[in-house]
Amino acid sequence: MKRIFSTTIGLLLAGSALAAPQLSPQGIIVNPVPTDLQVRVWVNKDPGKTGNPVYQIGERIQVSVQVNQDAYVYIFSVKSTGEIGLILPNAFDQNNLLRSGETRTYPPAVGARYNLEVAGPEGQDRVLAIASRQPLSLAQIADIQTGRVNVQGADNLARALSIVVTPLPQQDWVSNVAFFIVGRAAVTPVQPVQPGTGTLSVNSSPSGAQVLVEGRLVGSTPLSLVLRPGRVDVELRLGGYQSFRTSAQIRPGETTVINANLIAVVQNGLLQVNSNPPGAQVLLGGRVVGNTPLNLTVQPGRYEVELRLSGYQNFRATVNVGSGQTVPLNATLQALRGALEVFTNVEARIFLDGREVGQTRSGFLRLDELEGGSVQVVALAPGYRVVFQDIRIEAGRTQQVRLDLMRAR
């Protein structure tokens with residue numbers, strides 16, 4: 001079996017006991033709860049994970065993984081196009097339980113029945129390893145026999161995996177990622193400066209940005225290149241940040257330095273407002289924006305949300321919406337209660353719909369926290385005729401009723 005292997009994959013990090021896994025702008029699952037379970041994944045050209053090694057299209061690659069405790073390991077690849085593949089387990093390597101301190105390489109150096117080859121297009125690719133103390137169910141995500149994954153893109157993979165790991169104790173899973181470059185590099189980084197050449201030093205904040213010289217991918221920052229003299233166009237790309245473009249003049253025997261401060265891409269977020277019962281008026285920052293259920297596209301930031309519905313208490317909440325984040329706000333509205341004041345000419349026992357609720361003292365009784373609706377008020381006193389009256393209790397209002405009792409003959 002020959003497996004075509006390449007690029008960008010969603011990264012999964014340690015879980016959180018109080019919060020669900022979150023996505024970074026690069027499609028990475030971040031879970032802040034620390035765990036003593038560790039996994040490490042790397043590619044054969046960069047065992048020390050010191051940078052982004054470059055692989056040519058069609059070149060064979062090996063992926064190695066190690067755990068510090070017994071764990072089930074799952075390895076994914078994601079291409080720069082968003083295509084995702086399952087490396088482990090696969091049809092030939094289905095035993096994905098690694099023992100503490102064990103290192104395995106895929107495909108193995110001896111006796112392998114399949115190859116992993118780097119496929120185009122050019123770009124930055126990733127390998128994701130997930131280690132779990134319990135087996136994970138990937139039946140809804142991947143086909144082990146073919147290696148196909150039925151989601152596309154790092155974000156979608158990360159979201160699918162967050163669902164898979166959610167039932168686990170938060171400290172029972174962890175992940176790690178390895179990066180590499182796929183391309184036909186037009187220039188090769190060389191440390192010694194040759195006669196008649198110059199050096200281009202490219203740095204970025206944050207680091208790890210792809211570097212393209214004259215439109216060709218040559219590595220990632222920080223990067224030092226030996227080039228022939230002349231003017232070159234340089235571009236830096238990093239997921240979640242705006243592309244950086246500039247030109248540089250390469251001079252013999254000199255070092256030209258590019259320091260790029262990358263600007264984060266600000267993506268609108270989605271605020272989903274729902275209420276029970278629905279139909280509540282929604283105010284955002286004191287401005288009416290619609291009625292529930294309501295989806296609002298908003299810029300990243302902090303928002304004061306208020307819900308109003310006749311007969312119900314106002315609901316207020318503060319929400320934070322991050323870049324590209326979907327934030328649900330679900331409000332259960334509390335019904336307003338009404339009050340009733342009963343006046344009688346003598347002390348009397350008071351009943352509401354046949355249920356005794358108190359006795360007037362000095363001819364007065366106040367009843368609070370009453371549900372809205374029609375109700376029959378009855379007054380009884382020894383030696384007096386029964387008096388009753390139908391009234392309607394309105395939410396948020398105080399109703400008054402006077403019952404004058406006549407002596408019985």
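1. The first point concerns an aromatic residue in this predicted model. F92 has a relative accessibility of 26% and therefore counts as partly exposed, the range for that class beginning where buried, under 20%, ends. Y114, by contrast, is buried, with a relative accessible area of 3%.

2. A search of the whole structure gives 3 aromatic pairs. One of them joins F92 and Y114 in a stacked arrangement, with 6.0 Å from centre to centre and 15 degrees between the planes. The two residues are 22 apart and come from distant parts of the chain: F92 from the loop between β8 and β9 (97-98), Y114 from the loop between β10 (103-106) and β11.

3. Another aromatic pair, that of F343 and F364, is tilted, its centres 5.1 Å apart and its planes at 50 degrees. F343 belongs to strand β30 (residues 338-344) and F364 to strand β33 (residues 364-370), so the pair ties together parts separated by 21 residues in sequence. Both rings belong to partly exposed residues: the relative accessible area is 26% for F343 and 31% for F364.

4. The largest nonpolar core has 26 residues, of which V65, V73, I75, Y106, A131 and F180 touch the most other members. Among the elements that give two or more residues to this core are β6 (63-67), β7 (71-78), β12 (123-132) and β15 (173-182). The greatest contribution comes from β15, with 4 residues. As a general remark, nonpolar side chains in soluble globular proteins tend to be buried together.

5. Y106 merits separate mention. Residues up to four places away in sequence aside, Y106 touches I61, Q62, V63, V65, I75, I87, L88, D93, N95, L98, Y114 and L116. This list includes Y114, the buried partner of F92 in the stacked pair.

6. An open sheet of 3 strands is arranged in the order β26-β23-β29, with mixed pairing. Its edges are β26 (294-298) and β29 (326-332); each has a single partner strand, so one side of each has no neighbour in the sheet. From one strand to the next the twist averages 20 degrees. The pairing of β23 (residues 269-276) with β29 is parallel and extends over 7 bridges, and L271 stands opposite V327 in β29.

7. The last point is a polar residue in strand β36 (residues 398-403), namely Q399. Q399 has a relative accessible area of 18% and is therefore buried, the limit being under 20%. A polar atom of the Q399 side chain lies 3.2 Å from the backbone oxygen of R392. Beyond its neighbours within four places in sequence, Q399 is in contact with A339, L340, E341, R392, I393 and E394.

Note on methods. Residues are numbered from 1 along each chain as its sequence is written. This is a predicted model: local features need pLDDT of at least 70, side-chain atom pairs count only at pLDDT 80 or more; totals for chains, interfaces and linings use all residues. Side-chain values use heavy atoms; hydrogens and water are left out. A nonpolar core is a set of buried Ala, Val, Leu, Ile, Met, Phe, Trp, Tyr and Cys residues joined through side-chain atoms within 4.5 Å. Buried means under 20% relative accessible area, exposed over 50%, partly exposed in between (1.4 Å probe, protein chains only). Contact means heavy atoms within 4.5 Å. A polar contact is a pair of N or O atoms within 3.5 Å; within protein, one must be able to donate a hydrogen and the other to accept it, and residues adjacent in sequence count only if both atoms are side-chain atoms. Two strands pair if DSSP finds at least two bridges between them. Axes are lines fitted to C-alpha atoms, for helices over the stretch in contact, and angles run from 0 to 180 degrees between N-to-C directions. Rings of Phe, Tyr and Trp (its six-membered ring) pair if their centres lie within 6.5 Å; planes under 30 degrees apart count as stacked, over 60 as edge-to-face and the rest as tilted.
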